[in-house]
Structures are given as C-alpha cells and as structure tokens.
Amino acid sequence: MTTRGSRATGRGVRGDLFDPLCPTRQLLDRIGTKWTSMAVKTLADAAPDEVRFAELRRRMPGVSQKMLSVTLRSLTRDGLVSRRVEPTVPPRVFYRLTGLGLSLETVLAGLRTWAEEHMAEIDHAHQAADQEVDEG
C-alpha cells in the first residue's frame, strides 16, 4: 500500500516506509546511525572549514578507522559531504559538509535536543522494564 503522493522508483515505492526497498527508508537507515550523527555534528562545528580524516577520528571517540571511512564514504555518496585529496605522500584527505549536509545537521540537532531533554524519562522506563523482568 502506498501513501498519497508516493511514487514508484523502480527500486521500491517512495513514501512507503514499510517497503524494505523504499528509497526513503534506505536513506533513513544510512543517516540514522550514531556515527553519521557524530560525523555530521563534528563537520558542522568546523563549517565552513574542512577537517582532515585523522582529526575527525580524534574528535569522535570510539569510532574505528574502518567505520569512519565507511561513514564518510556513504555521506559523500549521498552528497552530504565533500571530499578533497591533496596528492602528497601520504595523501591528505579533507572533508566538509555540503549545503545539503548542513541542512541535515539542523534536523539532527533537533533530534539530539529531544534525546537530551527526554533521557531521564527513557532511563526511568528502562529501569521499570528491567524491574518487571526481574520480578516476572
């Protein structure tokens, strides 16, 4: 079932988040990760300047080199991040948010604010659920 205004793209029905092939659902899967959120935030904090790969990794505690590389590749492919390589030995690679990426940061900032404002309620719900499991 599709929603009004949705259209077929050949890969799934756009606008039908219940369709695993829905392009919108696939995009949300990519931009909804913690590493994407952290990378976008880090690059937004530096905007309009570029940030080198190694510096990004330092600013994102816990991210592996491979995961950061995969995340940045996905963001670049989606047009959210631009990548510039200086042909030195070793190559110096720089990243910055595009205009589209900056627009995503606005949305992600709202999500982070919501999470911070409701974290105590979420923690309380976790504790209550854990207590029910322990008692049940």
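This note walks through the predicted model point by point, from the overall fold to single residues.

1. Overall make-up. The chain has five helices and five strands. Along the sequence they come in the pattern β-β-α-α-β-α-α-β-β-α. The pattern thus opens with two strands and ends on a helix.

2. Burial and surface. The chain has 136 residues, and 25% of them count as buried. Its accessible surface comes to about 9,500 Å². Carbon and sulfur atoms account for 56% of that surface.

3. Contacts along the chain. Take the contacts between residues at least 6 apart in sequence. Of these, 37% join residues at least 24 apart. Points 4 and 8 give individual examples of residues that are distant in sequence.

4. A salt bridge across the chain. The whole structure holds nine salt bridges. In one of them, the side chains of Glu50 and Arg96 meet at 3.6 Å, N to O. This pair links distant parts of the chain, 46 residues apart. Glu50 sits in the loop between helix H2 (34-46) and strand E3 (51-52). Arg96 belongs to strand E5 (residues 92-97). Are the two partners buried, partly exposed or exposed? Glu50 has a relative accessible area of 27%, so this residue is partly exposed. Arg96 is partly exposed too, at 32% relative accessibility.

5. The network around that pair. Glu86 and Arg84 also form a salt bridge through their side chains, at 3.2 Å, N to O. Glu86 is partly exposed, with a relative accessible area of 23%. Arg84 counts as partly exposed because its relative accessibility is 33%. Which residues are joined by salt bridges that share partners? They are Glu50, Arg84, Glu86, Arg92 and Arg96, in one network.

6. A buried charge in helix H5. Glu105 lies in helix H5, which covers residues 99-135. Why does Glu105 count as buried? Its relative accessibility is 12%, and buried means under 20%. The side chain of Glu105 meets that of Arg112 in a salt bridge of 2.6 Å, N to O. Leaving aside residues up to four places away in sequence, Glu105 touches Val40, Lys41, Ala44 and Arg112.

7. Two cis peptide bonds. One joins Ala47 and Pro48, with omega about 10°. Pro48 is in the loop between H2 and E3. Glu50, from point 4, is in that loop as well. The other cis bond runs from Val89 to Pro90, with omega near -5°. Pro90 lies in the loop between strand E4 (81-86) and E5.

8. Leu102 and its partners. Leu102 is another residue of helix H5. How far is the C-alpha atom of Leu102 from that of Ala44? The separation is 6.6 Å, although the two residues are 58 apart along the chain. Not counting residues up to four places away in sequence, Leu102 touches Ala47 and Leu97. Ala47 is also the residue on one side of the cis bond to Pro48. Leu102 has a relative accessible area of 38%, so Leu102 is partly exposed.

9. A nonpolar patch. Which residues make the nonpolar surface patch? The members are Leu111, Trp114, Met119 and Ile122. Together they make a patch of about 390 Å². Ile122 has its place in helix H5. This residue is partly exposed, because its relative accessible area is 33%.

10. A negative patch. Asp130, Glu132, Asp134 and Glu135 form a negative surface patch. Asp130 lies in helix H5.

11. What to look at again. Helix H5 is a good place to start in the viewer. Glu105 in this helix is buried, at 12%. Ile122, in the same helix, is partly exposed at 33%. Then turn to the loop between H2 and E3, which holds Pro48. From there, follow Glu50 to Arg96 in strand E5, and on to the salt-bridge network that also takes in Arg84, Glu86 and Arg92.

Technical notes
Residues numbered from 1 in each chain as written. Predicted model: local features only at pLDDT ≥ 70, side-chain atom pairs only at ≥ 80, totals over all residues. Heavy atoms only, no water. Patch = residues over 30% accessible without salt bridge, like charges linked within 9 Å, V, L, I, M, F, W, Y side chains within 5 Å. Areas by Shrake-Rupley, 256 points an atom, 1.4 Å probe, with all protein chains shown as cover. Salt bridge = Lys/Arg side-chain N within 4 Å of Asp/Glu carboxyl O. Helix = DSSP H or I, 4+ residues; strand = E, 2+ residues; numbered from the N terminus. Buried < 20%, exposed > 50% of the residue type's maximum accessible area, 1.4 Å probe, protein only. Lys, Arg positive; Asp, Glu negative; His and termini not counted. Charge placed at Lys NZ, Arg CZ, Asp CG, Glu CD. Contact = heavy atoms within 4.5 Å.
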